[in-house]
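Student: Got a minute to go through a model with me? I'd like to check a few spots.

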Amino acid sequence: MTPARPGPPYAVTVVGLGADGWRGIPDASRAALRDAEVLIGGPRQLDLLPPECAGERIAWPSPLRPAVPALLAAHTGRRIAVLASGDPMFYGIGRALAEEAGDRLRVLPHPSSVSYAAARLGWPLEDVEVVTLVGRPTARLAAALHDRRRLLVLSADAGTPADVAALLRDRGFGPSRIRVLEQLGGEKERTGEVSTADDWVVRAHPPGDPLNLVAVECRQSPDGLRLGAVPGLPDEAYEHDGQLTKRYVRAATLAALAPAPGELLWDVGGGSGSIAIEWMRTHPSCRAVTVERDPVRAARITRNADRLGVPALRVATGAAPAALAQLPPPDAVFIGGGLTAPGLLDACWAALPAGGRLVANTVTLESEALLADAHRRRGGELVRLAVAQAVPVGGFTGWRQAMPVTQWAVRKPFAPLDPRDTVHTASEADR
């Protein structure tokens, strides 16, 4: 009989705890905490451990994330256990530990507050969107607001429910039903009464327990501006001075850019920021930097990003191509203005990795000539987008044509294989 292989030499064990503390965790988690020579966690979590957990207790410093490498390095060779709330791999410290410890990390999870909340509310988790506001601005919640959508919002502190209610009301979702759930899974668990966001703000509910989660059933006001889940938001969703890629052209532009989760966009000549904002709204992990030389417009882009739920949009104020030098490498580039700036198009092309996409729009003949030349040299698609709207003409209706937009969309090719590189199949190698 083959003996069982010993487990890997874990450098760090992260243990999930609930509000019920020591009594709520399984035997394997208790054994790991008893065996640890070093116990790292928040003061509240460390206080939940009994005296039999005799390891050296260290409270996390603030800010937490930058301290992780140094703390782990300082205790190399010792058995380290890290305490986490609920499931460490769900918006928890587990991510940072995995990045540092790799396969030397062992995770012993506990049910998350989200799992408890779904159980208490009878909400199937696959039908619920989770938004965390822990260490993140409340404005990011706006991107998840859709009529009749259910949300579970992870709170940063006791003041988060009031912030959520205020944002819902400000964004036209005042009738939304909210419920605050506190100390889930613990002896002090409390599931509050259902209220509307409007009522919560008007009555100025006092803060409750800092360990809470907010359940939201979204209801939009009848006069609210409806924002869909795909690119092409109404033009009136944006604050602008006329420098705005209009709705139908914007939708076509995002389709050509083809955002995918985790990708980074350069939006060059940001104007009102609409392309970058709608790129980021396609998936929570999408990132964007918009480059705008006018400080007034740059500030306007920031306001639009906050309003539309993507406050993480980075705004680089400066003229391209000089302003591009310090930016992280993009997966895609959109050029919405400044095409005639010397070297801009070449700089954007050079910054793209193989497989990256570039889309450029223009309405002027001078810039159109540049795009025609680029299309001749590099390929891709060159199209003209024309939109007309029905408008009153006396007592009748006629078409008003907007300025046509010339668009060049291209994907940077991968380098051709060197003919000297020969790939042999197994059968060839056997000959």
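Tutor: Here is a short chat about one loop residue and some helices.
Tutor: It's a predicted model, where local features need pLDDT of at least 70, side-chain atom pairs count only at pLDDT 80 or more, and totals for chains, interfaces and linings use all residues. Residues are numbered from 1 along each chain as its sequence is written, and side-chain values use heavy atoms, with hydrogens and water left out.

Student: OK, where is Ala237?
Tutor: Ala237 sits in the loop between β11 (212-217) and α8 (247-257). Helices (H or I, at least four residues) and strands (E, at least two) are DSSP runs, numbered from the N terminus.

Student: Is Ala237 buried or exposed?
Tutor: Buried, because the relative accessible area of Ala237 is 13%; the cut-offs are under 20% for buried, over 50% for exposed and partly exposed in between (1.4 Å probe, protein chains only).

Student: And which residues does Ala237 touch?
Tutor: Leu225, Leu227 and Leu308, leaving aside residues up to four places away in sequence. Contact means heavy atoms within 4.5 Å.

Student: How far is Ala237 from Ser274 in space?
Tutor: C-alpha to C-alpha, 9.5 Å, with their positions 37 residues apart in sequence.

Student: Switching to α9: how many of its residues are buried?
Tutor: Eight of eight in α9 (residues 274-281). Trp279 and Arg281 are among them.

Student: What covers them?
Tutor: The cover of α9 includes α8, β12 (264-268), β13 (287-292), α10 (295-307), β15 (332-335) and β16 (357-362).

Student: Last one: which residues of α11 and α12 meet?
Tutor: Leu345, Asp346 and Trp349 in α11 meet Leu370, Ala374, Arg377 and Arg378 in α12.
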